[in-house]
Every structure is written in C-alpha cells, then in structure tokens.
Amino acid sequence: MGWKAAQKLIHHWKILRGDNVVVTRGKDRGETGVIKRVIRSQNRVIVEGKNLVKKHIKQGQGHEGGIFTVEAPLHVSNVQVLDPVTGKPCKVGIKYLEDGAKVRVSRGQGASGSIIPRPEILKIRTTPRPTIVGPKDTPIDLVKEKTYDAKTGKGMPDL
C-alpha cells in the first residue's frame, strides 16, 4: 500500500462485525445483510450473501478445483447501518451516557436517535480466559494489598 492509500484508511470505525446494514451501491443496492468480516487494512467489509462473484480455483493437494461463488468485499462507503427503530439506513454517531459508557447512536435525516446495540457476536470470546492459576500469575493476596494511600502519601518513592 502506498502512502496516499494509507492516508485514506479509516482510523475510528463505526461499523462492526455483526451489524445489520443495507447496501447503498452496486448490483445488490437496497438489500440488507449482516456484516460477516471487516477488512480494516482496505476499508472494506464482507456482507453475508451479497456481492457474490464467481471464483475459478485450481485443483491442488487436499481440495477440489472448479468454479465457486464467493462473497467479494464491498467498500465501507457503500453500506449503511440500519436504524434499530425505523429500519432505515442511518449514519452512526457516538455518545456518552450518564454513567460514562460509550455507545453508538443513529443520526442523520429521519433517524430516531436511538442507541445501536453492540452485536452479540462480538461479546463471544474466541479463546476463553484461563481459570487455572499459572506459575507466572501474581497471587490474589498481593494483588489486593493496598500499597499507596493518596491522603497520607504513604507508598510514594522518595525523589
């Protein structure tokens, strides 16, 4: 990737894997689907069952060859998130709730302004957290030990 293409990369993504989106450009214009994969290095997303293309695959060791139908990536500017209340395409904004939680909200013309929920698929961990204490884990009594008191300044190093 050249430096000009690297400048155009999206740094703060508002579209996530598992979002319900509508395709706004291309041969599947107006159809809705769920985002299957996000390719951040290319500013592209793959939508389930949309933008299908024929791919010719040569036969090799362990797999058959032939012509397969696969989902091609769409540019992120060609899809819009669906408003959960109205069911129409909307832009995505960010708001902070009273408790400090950061949430996505629908915005734009005709948008309800409601919170767009985080997709359930992102809440599932691919690798479970370890439950067994390992040799390099810090013991829990050392973790809970209070080593600094803000009021008295106890625990500050002498500089």
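1. Helices and strands are here DSSP runs, at least four residues long for a helix and at least two for a strand, and they are numbered from the N terminus. With these terms, Asn51 can be placed in the loop between β3 and β4, where β4 covers residues 52-57. The model under discussion is predicted, and the remarks below should be read accordingly.

2. Overall composition. The protein chain contains 2 helices and 10 strands. Read from the N terminus, the order of the elements is α-β-β-β-β-β-β-β-β-β-β-α. A helix therefore begins the series and a helix ends it, as the DSSP runs are counted from the N terminus.

3. Overall dimensions. The C-alpha trace of the protein chain spans about 70 × 55 × 35 Å along its principal axes. The radius of gyration of the protein chain is 23 Å, whereas a compact globule of 159 residues would have a value near 15 Å. The student may wish to view the model with both statements in mind.

4. Burial and surface. Of the 159 residues in the protein chain, 22% are buried. The accessible surface amounts to about 12600 Å², and carbon and sulfur atoms account for 53% of that surface.

5. Contacts and charges. When contacts between residues at least 6 apart in sequence are considered, 42% of them join residues at least 24 apart. The protein chain carries 30 positive and 15 negative charges, and the mean positions of these two groups lie 10 Å apart.

6. The annotated segment. UniProt, in an unreviewed entry, places the feature "domain: KOW" at residues 14-41. Over residues 14-41 the model shows 0% helix and 43% strand. The C-alpha atoms at the two ends of this segment are 15 Å apart.

7. Two asparagines with positive phi. Asn43 is not a glycine, yet it has a positive phi of about 55°. Its position is the loop between β2 (32-39) and β3 (44-47). Asn51 is likewise a residue other than glycine, and its phi is positive and near 55°. Are these residues buried or exposed? Asn43 has a relative accessible area of 6% and is therefore buried, since the cut-off for that term is under 20%. Asn51, at 16% relative accessibility, also counts as buried because this value falls under that cut-off.

8. Asp83 in the loop between β7 and β8. Asp83 is found in this loop. Asp83 counts as buried because its relative accessibility is 3%. Which residues does Asp83 contact, leaving aside its neighbours within four places in sequence? They are Lys88, Cys90, Ser106, Ala111, Ser112 and Ser114. Asp83 and Ile115 are 32 residues apart in sequence, while their C-alpha atoms are 8.8 Å apart in space.

9. Val85 in the loop between β7 and β8. Val85 lies in the loop that joins β7 (79-82) to β8 (89-96). Val85 counts as exposed because its relative accessibility is 58%, and the term exposed applies over 50%. Leaving aside neighbours within four places in sequence, Val85 is in contact with Ser112 and Ser114. Val85 and Gly108 stand 23 residues apart in sequence, with 14 Å between their C-alpha atoms.

10. Reading the loop as a whole. Asp83 is buried, whereas Val85 is exposed, although the loop between β7 and β8 holds Asp83 and also Val85. Ser112 and Ser114 are contacts of Asp83 and of Val85. The student is invited to locate these residues in the structure above.

Note on methods. Residues are numbered from 1 along each chain as its sequence is written. This is a predicted model: local features need pLDDT of at least 70, side-chain atom pairs count only at pLDDT 80 or more; totals for chains, interfaces and linings use all residues. Side-chain values use heavy atoms; hydrogens and water are left out. Buried means under 20% relative accessible area, exposed over 50%, partly exposed in between (1.4 Å probe, protein chains only). UniProt positions are given in the numbering used here, feature names are shortened, and annotations may be inferred rather than shown by experiment. The radius of gyration is taken over C-alpha atoms; the globule rule is 2.2 Å times the number of residues to the power 0.38. Contact means heavy atoms within 4.5 Å. Accessible areas come from the Shrake-Rupley method with a 1.4 Å probe; for residues, only the protein chains shown count as cover. Lys and Arg count as positive and Asp and Glu as negative; His and the chain ends are not counted. The place of a charge is taken as NZ of Lys, CZ of Arg, CG of Asp or CD of Glu.
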